[in-house]
Amino acid sequence: MRIDIITVLPELLKSPFEASILKRAIDAGLVEVHFHNLRDYTTDNYKSIDDTQFGGGAGMVMMIEPIDKCISALKTERNYDEIIYMTPDGETLKQGIANQLSLKENIIILCGHYKGVDQRVRDHFITREISIGDYVLSGGELGAAVLCDAVIRLIPGVLGNETSALTDSFQDGLLAPPIYTKPREYKGWKVPELLFGGNLPKIEKWREEQAYIRTKERRPDLLDEN
Ligand code: ADE
């Protein structure tokens, strides 16, 4: 998989890709992530990427031309499955979207800034708009990092234990059950006895019940969706 990220602040985005699982995935050649600075596609001496809104109003708007130049240059090199715009008014990121995107070959992620991009960018270039939640960030970069993390960890071979992504919260529409490790008892706080017996069907049943109870308590909306 290849991800091209278009941004005015590449430095804000780079560190998540230089550590942990994302770095391992890149080093192993399972994913390529490329950053493109929008200012490299400007045509004026000031390297402007934004301007005031037509019709008046506070806040700057990202101009279409540098974005067009950058996306068009990328498109001459390869076909893209999705051109995603990170924006608070996009569809809310859910595990299902991450699952879908993890199967794609090439994607572009455009990070917005200021008030956002000229609507014509959205109308003519963007195939999907994604929000990471109902709050406004100062730019799309942190959202893009969240999206990339959620997607890249699902690419086969990225997680050491292939089954571990399948048992994540949300993968079966439920939150994950409680988990424990050594010691069996700490300050008098005990691990549930049934986890020691090696009775796998019983353990599995307990985990399913716990996942259901936890989901019902914390996220009953997830149960309604099924
Ligand atoms: N840009 C600003 N706010 C955002 C959000 N909540 N999700 C994605 N991109 C954003």
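1. Helices (H or I, at least four residues) and strands (E, at least two) are DSSP runs, numbered from the N terminus. The largest share of the shell around the ligand comes from β5, with three residues.

2. This is a predicted model, where local features need pLDDT of at least 70, side-chain atom pairs count only at pLDDT 80 or more, and totals for chains, interfaces and linings use all residues. Residues are numbered from 1 along each chain as its sequence is written, and side-chain values use heavy atoms, with hydrogens and water left out.

3. The chain has two parts: domain 1 (2-152) and domain 2 (169-225). These bounds come from an automatic or database domain assignment. The C-alpha centres of domain 1 and domain 2 are 37 Å apart.

4. Now the ligand. A residue counts as near it if one of its heavy atoms lies within 4 Å. Met86, Thr87 and Pro88 are among the residues around the ligand, and so are Ile130, Ser131 and Ile132. The list also includes Gly133, Tyr135, Val136, Leu137, Gly139 and Gly140.

5. Polar contacts here are pairs of N or O atoms within 3.5 Å. A polar backbone atom of Tyr135 is 2.8 Å from a nitrogen atom of the ligand. For Ile132, a polar backbone atom lies 2.9 Å from a ligand nitrogen. For Gly133, the distance from a backbone N or O atom to a ligand nitrogen is 3.1 Å.

6. On its own, the ligand has 260 Å² of accessible area (Shrake-Rupley method, 1.4 Å probe). The protein covers 96% of this area. β5 (82-92) and β7 (128-131) are the elements that give two or more residues to the shell.

How values were computed:
Polar contact = N/O pair within 3.5 Å; in protein donor to acceptor, adjacent residues only side chain to side chain.
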